[in-house]
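Trainee: I would like to go through this structure step by step. Please give the reasoning before each result.

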Amino acid sequence: MGRFYTFIASGITRFRSKKGMELVQVGIIIAIAVGIGIIFKDKIGEFVSSTFDTLLGAGFN
């Protein structure tokens, strides 16, 4: 009975640690994306503005 409990407990611990690592990885990716957005804020704004101006002026009618 003790071996079974140890097996289950170690599996739960591994699952939790993997889930925690995934959460850390997602947090790092979000932080990098926000950092890049802050650094290139002006360029991104210019790109979005020019893209929408081009699309709105294309006259798809």
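Trainee: How many of the 16 residues of α2 are buried?

Mentor: This is a predicted model. A residue counts as buried when its relative accessible area is under 20%. Helix α2 lies largely in the open, because the number of its 16 residues that are buried is zero.

Trainee: What percentage of the 61 residues of the protein count as buried?

Mentor: The protein has two helices and zero strands. With the whole protein taken together, the share of its 61 residues that count as buried is 0%.

Trainee: Is Leu55 exposed or partly exposed?

Mentor: Leu55 has its place in helix α2. Exposed needs over 50% relative accessible area, and buried needs under 20%. The relative accessibility of Leu55 is 44%, so Leu55 is partly exposed.

Trainee: Which helix gives the most to the nonpolar patch?

Mentor: The patch covers about 1,200 Å² of surface, and its members include Val24, Ile28, Phe47 and Leu55. At least two of its residues come from each of α1 (2-39) and α2 (41-56). With six residues in the patch, the helix that gives the most is α2.

Trainee: How far apart are the end C-alpha atoms of α2?

Mentor: The expected span is 1.5 Å times one less than the number of residues. For the 16 residues of α2 that comes to 22 Å. The model agrees, because the distance between the end C-alpha atoms of α2 is 22 Å.

Trainee: What part of the area that the protein exposes do carbon and sulfur atoms supply?

Mentor: The protein exposes about 5,900 Å². Of that area, carbon and sulfur atoms supply 72%.

Technical notes
Residues numbered from 1 in each chain as written. Predicted model: local features only at pLDDT ≥ 70, side-chain atom pairs only at ≥ 80, totals over all residues. Heavy atoms only, no water. Patch = residues over 30% accessible without salt bridge, like charges linked within 9 Å, V, L, I, M, F, W, Y side chains within 5 Å. Areas by Shrake-Rupley, 256 points an atom, 1.4 Å probe, with all protein chains shown as cover. Salt bridge = Lys/Arg side-chain N within 4 Å of Asp/Glu carboxyl O. Helix = DSSP H or I, 4+ residues; strand = E, 2+ residues; numbered from the N terminus. Buried < 20%, exposed > 50% of the residue type's maximum accessible area, 1.4 Å probe, protein only.
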